[in-house]
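Here is a friendly walk through the side-chain pairings of one protein model. Please have a look at the sequence and the coordinates before reading on.

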Amino acid sequence: MGQRVNIYQSEPKAFEGMFALEQFLSDSPLNKKQISLIKMRASQLNGCAYCINMHTEEALKAGETHQRLHLLNAWKESSLFTKDEELLLKITEEITLINQNGLSDKTYQQAQEIFDDKTIIAIIMTATTINAWNRIAISTKMK
């Protein structure tokens with residue numbers, strides 16, 4: 001089966017909330033590279049080819065390197081990511097893999113030691129937003 005219903009064409013109002021979330025993220029304390037890392041990692045975990053492709057291009061435009069993007073799925077074994085980025089990715093994975101316990105108290109406490117509340121909110125909302133987009137893209141077989 002090819003692409004399914006195009007939600008945006010059929011019911012553009014259905015995306016209003018998603019676009020509002022994206023606007024919130026663009027005004028958040030996270031920079032474009034941080035947002036791209038979150039979106040890329042969640043999309044990798046969810047297997048969303050459409051979003052991986054889109055966010056790879058965005059990450060490169062934001063100044064991300066090919067090497068870091070190639071190693072993103074093995075970030076725990078790489079020395080290319082900062083401690084802040086490693087924590088961003090850990091939070092992203094725990095939120096994305098919510099069925100495996102969700103965002104742990106330990107990880108949240110680590111976040112409180114490094115980030116202020118507005119940044120923690122932005123990280124959580126970025127991970128939540130991309131997970132929603134992944135589910136839309138996969139469910140509708142976006143190309």
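The report below takes up salt bridges, aromatic rings, cysteines and two single residues in turn.

This is a predicted model, where local features need pLDDT of at least 70 and side-chain atom pairs count only at pLDDT 80 or more, while totals for chains, interfaces and linings use all residues. Residues are numbered from 1 along each chain as its sequence is written, and side-chain values use heavy atoms, with hydrogens and water left out.

**Salt bridges**

Side chains of opposite charge can pair when their charged atoms come close. A salt bridge here is a side-chain nitrogen of Lys or Arg within 4 Å of a carboxyl oxygen of Asp or Glu, and the structure holds six of them. The table includes three of these salt bridges.

| Pair | Closest N to O distance |
|---|---|
| Arg68 and Glu64 | 2.4 Å |
| Lys76 and Glu93 | 3.4 Å |
| Glu86 and Lys83 | 3.6 Å |

For accessibility, buried means under 20% relative accessible area, exposed over 50%, and partly exposed in between, using a 1.4 Å probe and protein chains only. Arg68 and Glu64 are both buried. The Lys76 and Glu93 pair mixes the two classes: Lys76 is exposed at 56% relative accessibility, whereas Glu93 is buried at 9%.

Helices are DSSP runs of H or I with at least four residues, strands are runs of E with at least two, and both are numbered from the N terminus. Lys76 sits in the loop between helix H5 (66-70) and helix H6 (83-96), and Glu93 is in helix H6, so their salt bridge ties together parts that are 17 residues apart in sequence. Arg41 joins Lys76 and Glu93 in a network of salt bridges. Glu86 and Lys83, in contrast, both belong to helix H6, three residues apart, which is about one turn of the helix. Lys83 is exposed, at 62% relative accessibility.

**Aromatic rings**

Rings of Phe, Tyr and Trp (its six-membered ring) pair if their centres lie within 6.5 Å; planes under 30 degrees apart count as stacked, over 60 as edge-to-face and the rest as tilted. By this rule there are three aromatic pairs. One of them, Phe15 with Phe19, is edge-to-face, with 5.8 Å between centres and 85 degrees between planes. Phe19 also forms a tilted pair with Trp133, at 6.0 Å centre to centre and 40 degrees. This second pair links distant parts of the chain, with Phe19 in helix H2 (residues 16-26) and Trp133 in helix H8 (residues 117-140), 114 residues apart. Ring pairs thus join Phe15, Phe19 and Trp133 into a cluster. Within this cluster, Phe15 is buried at 7%, Trp133 is buried at 14%, and Phe19 is partly exposed at 41%.

**Cysteines**

How many disulfides does a search of the whole structure find? With a disulfide taken as a pair of cysteine sulfur atoms within 2.5 Å, the search finds zero. For Cys48, the nearest cysteine sulfur is that of Cys51, 3.4 Å away. Cys48 is buried at 1% relative accessibility, and Cys51 is buried at 3%.

**Two single residues**

Ser36 lies in helix H3 (residues 32-46) and is buried, with a relative accessible area of 6%. Leaving aside residues up to four places away in sequence, Ser36 touches His55, Glu58 and Ala59, where contact means heavy atoms within 4.5 Å.

Asn101 is found in the loop between H6 and helix H7 (105-114). Its phi is near 110 degrees, a positive value in a residue other than glycine. Asn101 is exposed, at 74% relative accessibility.
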